[in-house]
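Reader: I'm new to reading protein models, and I keep tripping over the labels people use. Could you take me through this one and show me where the labels come from?

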Amino acid sequence: MKQVIIHTDGACLGNPGPGGWAAILQLKGTRIRRELSGGFRLTTNNRMEIMAALEALAALKEPCAVELHTDSRYLCDSVGKGWLYNWEANRFIRKNRKAVPNADLWKRLLVLLRIHSARFFWLQGHAGHPDNELCDQLASQYAQRTDLPPDQAYENLKGAASDHLPLA
């Protein structure tokens with residue numbers, strides 16, 4: 001199984017606001033690298049953090065052993081502490097009977113986590129780690145673009161308190 005190191009970051013100009021995500025994938029022990037980035041015209045920072053991990057894992061063409069580094073505690077803890085799997089078991093409804101925010105993205109991430117053997121590692125943002133800094137730069141640049149597509153799932157639910165709607 002190939003080993004891949006991934007660094008990710010998300011950015012949002014306002015929260016909500018225009019957002020960007022970025023990921024750097026590197027085949028472990030080689031100089032083979034790939035940079036990915038994208039964004040949406042109206043989204044949240046947390047959605048961009050999740051999207052960066054999603055897109056990075058989706059870009060892998062075969063099952064891989066992945067070390068995913070992120071400066072998002074939300075993303076890292078949700079996976080690493082097992083919250084994501086508890087949310088899934090409870091059909092993405094929290095104990096307070098409200099929907100888990102970003103359930104659409106979490107569901108997509110779960111599919112990818114069943115393909116790849118991934119471990120998530122938190123690293124402090126803006127602390128000088130070259131790949132994290134580059135991801136931050138790429139995500140921020142993408143968020144500033146004027147041609148961003150809509151984050152359909154977010155925008156469709158935005159007017160109806162998206163963080164609190166039960167999602168199928």
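**Helix α2 and its surroundings**

Author: Sure, let's begin with the buried residues of helix α2, which are Leu 75, Cys 76, Asp 77, Ser 78 and Val 79. Keep in mind that this is a predicted model. Those buried residues pack against β1, α1, β4, α3 (83–89), α4 and β5 (117–122). Just after α2 comes Gly 82, with a positive phi of about 80°.

Reader: What makes α2 oblique to α4?

Author: The two helices pack at an angle of about 55°. Angles under 35 degrees would be roughly parallel, and 65 to 115 roughly perpendicular. An angle of about 55° fits neither range, so α2 is called oblique to α4. Their axes are 12 Å apart, and the crossing is right-handed.

Reader: Which residues of α2 and α4 meet there?

Author: From α2 you have Tyr 74, Leu 75, Ser 78 and Val 79, and they meet Trp 106, Leu 109 and Leu 113 in α4.

**Rings and charges**

Reader: How do you know that Tyr 74 and Trp 106 form an aromatic pair, and why is it called edge-to-face?

Author: Take the distance to begin with: the ring centres are 5.4 Å apart, and rings count as a pair if their centres lie within 6.5 Å. Then the angle: there are 70° between the planes, and over 60 counts as edge-to-face. Both tests are passed, so it is an edge-to-face aromatic pair. The pair links distant parts of the chain, with Tyr 74 in helix α2 (residues 73–80) and Trp 106 in helix α4 (residues 103–113), 32 residues apart.

Reader: How many aromatic pairs are there in the whole structure?

Author: A search finds two. Ring pairs join Tyr 74, Trp 87 and Trp 106 into a cluster.

Reader: Why is Trp 106 called buried, and why is Tyr 74 called partly exposed?

Author: Trp 106 has 0% relative accessibility, and buried means under 20%, so Trp 106 counts as buried. Tyr 74 has a relative accessible area of 22%. Exposed needs over 50%, so Tyr 74 falls in between and is partly exposed.

Reader: What makes you say that Arg 145 sits over the ring of Tyr 142?

Author: The charged end of Arg 145 is 4.3 Å from the centre of the Tyr 142 ring, and the distance limit is 6 Å. There is an angle test too: the charge has to be within 35 degrees of the ring normal. Arg 145 is listed as sitting over the ring. Arg 73 likewise lies over the face of Trp 122, at 3.7 Å from the ring centre.

**Another helix pair**

Reader: Why is α1 called roughly parallel to α4?

Author: Helix α1 (residues 45–58) and α4 pack at an angle of about 30°. Under 35 degrees counts as roughly parallel, so the label fits. Here the axes are 10 Å apart, and α1 passes α4 in a left-handed crossing. Residues making the contact include Ile 50, Leu 54 and Leu 57 of α1, and Leu 105, Trp 106 and Leu 109 of α4.

**Buried and exposed spots**

Reader: How do you know that Leu 60 is buried?

Author: Its relative accessible area is 14%, and that is under 20%, so Leu 60 is buried. You'll find Leu 60 in the loop between α1 and β4 (64–70). Leaving aside neighbours within four places in sequence, Leu 60 is in contact with Val 4, Ile 6, Leu 25, Val 66 and His 116.

Reader: What makes Thr 8 and His 7 buried?

Author: Use the 20% limit again. Thr 8 has a relative accessible area of 0% and His 7 has 6% relative accessibility, so each counts as buried. Thr 8 is found in strand β1 (residues 2–12), and His 7 is in strand β1 too.

Reader: And why is Arg 97 called exposed?

Author: Arg 97 has a relative accessible area of 74%, and exposed means over 50%, so the label holds. Arg 97 lies in the loop between α3 and α4, and its phi is near 70°, a positive value in a residue other than glycine. His 126 also has a positive phi, of about 55°, although it is not a glycine. At 58% relative accessible area, His 126 is exposed by that cut-off.

How values were computed:
Residues numbered from 1 in each chain as written. Predicted model: local features only at pLDDT ≥ 70, side-chain atom pairs only at ≥ 80, totals over all residues. Heavy atoms only, no water. Phe/Tyr/Trp six-rings, centres within 6.5 Å; stacked < 30°, edge-to-face > 60°. Helix = DSSP H or I, 4+ residues; strand = E, 2+ residues; numbered from the N terminus. Buried < 20%, exposed > 50% of the residue type's maximum accessible area, 1.4 Å probe, protein only. Axes fitted to C-alpha atoms, helices over the stretch in contact; angles between N-to-C directions. Parallel < 35°, antiparallel > 145°, perpendicular 65-115°, else oblique. Left-handed = near helix turned anticlockwise from the far one by under 90°. Contact = heavy atoms within 4.5 Å.
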